[in-house]
Amino acid sequence: MQKLLLLLILPLFIFVGCDPEEENNPNVQDYLMFGHFYGECFGESCVEIFKIDNQNLWEDINDTYPSSLNFYVGDFYNLNGDFFDQISDLINYFPLEVLDEESIVIGMPDYADGGGLYIEYYYFGEHKFWLIDQMKTNVPDYLHSFIDIVNEKISIINS
């Protein structure tokens with residue numbers, strides 16, 4: 001009976017195995033998503049969301065204002081390698097203290113038309129996101145330099 005059961009279950013493992021396309025899928029690999037958003041704004045640059053992993057940089061073409069209710073769902077296309085080389089060190093500045101934050105919303109992002117940052121972290125299965133106020137007086141000190149660096153990287157891509 002056990003052999004018969006094994007013969008019936010074994011083919012399931014073959015069909016449920018790893019998908020070779022997952023290796024190139026930006027939604028499966030470890031990544032950092034970053035961007036800014038401004039509500040009282042007009043034009044294409046009001047919402048800019050990017051995703052970077054260890055090999056590629058993508059830009060979202062949806063430009064949807066992020067929500068604190070769900071992870072950002074974008075439609076990403078791959079940017080050229082020139083930008084990747086200039087942005088790839090961003091993960092080195094990611095403040096690990098933010099992983100301990102109890103709230104998804106840090107400060108009051110875009111409350112006074114100051115804008116906000118969207119940060120999403122997916123690393124070794126840990127998946128979190130935050131909406132961070134751009135006004136440094138409303139956020140912990142450990143985020144100040146990270147806010148500057150994220151804005152610098154967005155400016156490089158948009159130049």
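This tour moves through a predicted model, from a central strand to a pocket, then to the cross-links and two unusual backbone sites.

**Stop 1: strand β1**

Select residues 31-37, which form β1. Seven of the seven residues in β1 are buried, so the strand is mostly covered. To see how the covering is arranged, colour the two faces of β1 separately. One side carries Y31, M33, G35 and F37, the other carries L32, F34 and H36, and all of these residues are buried.

Next, add the neighbouring strands. Residues 116-123 make up β6, and β1 pairs with β6 in the antiparallel sense over seven bridges. For a reference point in this pairing, select F34, which stands opposite I119 in β6. Then select residues 47-52, strand β2, which also pairs with β1 in the antiparallel sense, over six bridges. Here the reference point is G35, standing opposite I49 in β2.

**Stop 2: the largest pocket**

Keep β1 and β6 displayed, since each of these strands supplies at least two residues of the lining of the largest pocket. The volume of this pocket is about 300 Å³. Its lining consists of 15 residues, and those closest to the centre are D30, D53, N54, I91 and Y123. Selecting these five residues is a convenient way to centre the view.

Which element gives the most to the lining? It is β6, with three residues. Colouring the lining by residue class shows ten nonpolar, three polar and two charged residues.

**Stop 3: the salt bridges**

Side chains of opposite charge can pair when their charged atoms come close. Across the whole structure, a search finds three salt bridges.

Select D89 and K153 to begin. Their side chains meet in a salt bridge with an N to O distance of 2.7 Å. D89 belongs to the loop between α2 (81-87) and β5 (105-106), whereas K153 belongs to helix α3 (residues 144-158), so this pair ties together parts that are 64 residues apart in sequence. The partners may also be inspected with a surface displayed: D89 is partly exposed, with a relative accessible area of 26%, while K153 counts as buried at 4% relative accessibility.

Remain with α3 and select D148 together with K136. In this salt bridge the closest N and O atoms are 2.6 Å apart. The pair links distant parts of the chain, twelve residues apart, with K136 in the loop between β7 (126-133) and α3 and D148 in helix α3. Are these partners buried or partly exposed? K136 counts as partly exposed at 30% relative accessibility, and D148 is partly exposed as well, with a relative accessible area of 39%.

For the remaining pair, select E126 and K128. Their side chains meet in a salt bridge at 3.6 Å, N to O. E126 counts as partly exposed at 33% relative accessibility, and K128 is partly exposed with a relative accessible area of 28%.

**Stop 4: the disulfide**

A disulfide is a covalent bond between the sulfur atoms of two cysteines. The count for this structure comes to one. Select C41 and C46, which the disulfide joins with an S to S distance of 2.0 Å. The torsion about their S-S bond is about -85°, so the disulfide is left-handed.

The two cysteines can be compared on the surface. C41 is partly exposed, with a relative accessible area of 26%, but C46 counts as buried at 6% relative accessibility.

**Stop 5: two positive phi angles**

Most residues other than glycine have a negative phi, and most peptide bonds are trans. Two residues merit inspection against that background.

Select D113, in the loop between β5 and β6. D113 is not a glycine, yet it has a positive phi of about 60°. Its relative accessible area is 48%, and D113 is therefore partly exposed.

Then follow the chain through β6 and select F124, which is placed in the loop between β6 and β7. F124, likewise not a glycine, has a positive phi of about 50°. Is F124 buried or exposed? With a relative accessible area of 69%, F124 is exposed.

Methods: Residues numbered from 1 in each chain as written. Predicted model: local features only at pLDDT ≥ 70, side-chain atom pairs only at ≥ 80, totals over all residues. Heavy atoms only, no water. 1 Å grid on protein atoms, 1.4 Å probe; cavity = no way out; pocket = protein on both sides within 12 Å on 5 of 7 lines; lining within 4 Å. Points joined across faces, edges and corners; volume = space filled by probe spheres on them. Helix = DSSP H or I, 4+ residues; strand = E, 2+ residues; numbered from the N terminus. Nonpolar A, V, L, I, M, F, W, Y, C, P; charged D, E, K, R; others polar. Salt bridge = Lys/Arg side-chain N within 4 Å of Asp/Glu carboxyl O. Buried < 20%, exposed > 50% of the residue type's maximum accessible area, 1.4 Å probe, protein only. Disulfide = S-S within 2.5 Å. Pairing = 2+ DSSP bridges.
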